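This report walks through one protein chain, going from a single helix to the whole fold and then to some individual residues. Please keep the sequence and the 3D view open while reading.

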Amino acid sequence: MNSILDTRPALRAEIDSVAEVAGYLWQKGWAERNGGNITVNITEHVDDDLRHMPALTEPIAIGTTLPHLRGCYFYCKGTGKRMRDLARQPMQNGSVIRILDDCASYVIIADEPVMPTSELPSHLSMHDYLIGSGSTYKASLHTHPIELVAMSHNKEMLQKDVMTKILWSMIPETLAFAPLGLGIVPYELPGSVRLAEATLEQIKDYDVVMWEKHGVCAVGRDIMDAFDQIDVLNKSAVIYMCAKSMGFTPDGMTPEAMREVQEVFQLPKQRPC
């Protein structure tokens, strides 16, 4: 069977990157069963032939109107699909969708009529906000990093920027490569409108958002950027928990040391160290 990727090397590279990240998520134990979701804006890689490609489905309602997404194209992980399978066969475990002119519905155009993730409205709402705010971010990623989720079971960690400051202080690279820290959303039912709305509010200030007792959602320039930010934050969580398991609370870097990192890497100082 022919794929839309066969004659489009730039689009293939984008989807290959998604598959690579999906493999990492499975290897790290962050994507049990069909856990996690990926959505990437691929509009820049769409040519005239794709724009005129007939739909594989009738229009499907998004459930909300997203005015900035008119005519956009997204690669989406399929609902009920496993990351380990997406890593091997991304076009059989995900699909490309076209947002229609009403900005409230979409059709699947390739390669197969794989229904997108059930959390598509939440992901598309984030993309709509990103485009509307002038952001160049193209990817959204939801996954279940073990140590970060474990820390979210501690109520003290759920106060604003408490986890951020702990994680920043564990290793300089965390502050350097996740400079906006970690937003917090108190527990909401997965897939609910309330969770989507709360996440959208946090994305205005953070690139990575912690969903209490559930997982994280991240946005980035591309899927690897979104993954990297979660990865460095979770590395700090691992260091913190290793120290705690040894019987002590780690001192962490001093505020002065963290401010020095901010200055050297010319990082935003939206939240004081």
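Is helix 6 (residues 162-170) largely enclosed by the rest of the structure or largely open, and how many of its residues are buried?

## A helix inside the fold

The model shown here is a predicted one, and in it 7 of the 9 residues of helix 6 are buried, so this helix is largely enclosed by the rest of the structure. The buried residues of helix 6 are M163, T164, I166, L167, W168, S169 and M170, and they pack against helix 5 (146-151), helix 7 (172-177) and helix 10 (255-264), among other elements. Their other partners include helix 9 (223-245), strand 7 (182-185) and strand 8 (208-211).

The loop between helix 5 and helix 6 holds D161, a residue that has a positive phi of about 65° although it is not a glycine. D161 is buried as well, because its relative accessible area is 9%, while the cut-off for burial is under 20%.

## The chain as a whole

The secondary structure of the chain comes to 10 helices and 9 strands, and the C-alpha trace spans about 60 × 35 × 35 Å along its principal axes. For a chain of 273 residues, a compact globule would have a radius of gyration near 19 Å, and the value for this chain, 19 Å, agrees with that. Buried residues make up 52% of the 273 residues. Among contacts between residues at least 6 apart in sequence, 71% join residues at least 24 apart.

The accessible surface of the chain comes to about 12,300 Å², and 52% of it belongs to carbon and sulfur atoms. As for charge, the chain has 25 positive and 35 negative side chains, and the centres of these two sets lie 4 Å apart.

## Cysteines without disulfides

A disulfide is a covalent bond between the sulfur atoms of two cysteines. How many disulfides does a search of the whole structure find? The search finds 0, and two cysteines help to show what this looks like in the model.

The cysteine sulfur closest to that of C103 belongs to C72, and at 8.7 Å it is too far for a bond, because a disulfide needs sulfur atoms within 2.5 Å. For C217, the closest cysteine sulfur is in C76, at a distance of 13 Å, which is again too far for a bond. Both residues are covered by their surroundings: C103 counts as buried at 8% relative accessibility, and C217 counts as buried at 0%.

## Loops worth a careful look

G181 sits in the loop between helix 7 and strand 7, and with a relative accessible area of 3% it is buried. Although G181 and D207 are 26 residues apart in sequence, their C-alpha atoms are 7.5 Å apart in space.

The loop between strand 8 and strand 9 (215-220) contains H214 and also K213. Is H214 buried or exposed? H214 is buried, with a relative accessible area of 15%, and, leaving aside residues up to four places away in sequence, it touches H142, H144, V149 and P190. K213, by contrast, counts as partly exposed at 37% relative accessibility, and it has a positive phi of about 60° although it is not a glycine.

A further backbone detail is found at D111, which lies in the loop between strand 5 (105-110) and helix 4 (120-132). The peptide bond from A110 to D111 is cis, with omega near -20°.

Note on methods. Residues numbered from 1 in each chain as written. Predicted model: local features only at pLDDT ≥ 70, side-chain atom pairs only at ≥ 80, totals over all residues. Heavy atoms only, no water. Helix = DSSP H or I, 4+ residues; strand = E, 2+ residues; numbered from the N terminus. Rg over C-alpha atoms; globule rule 2.2 N^0.38 Å. Buried < 20%, exposed > 50% of the residue type's maximum accessible area, 1.4 Å probe, protein only. Contact = heavy atoms within 4.5 Å. Areas by Shrake-Rupley, 256 points an atom, 1.4 Å probe, with all protein chains shown as cover. Lys, Arg positive; Asp, Glu negative; His and termini not counted. Charge placed at Lys NZ, Arg CZ, Asp CG, Glu CD.
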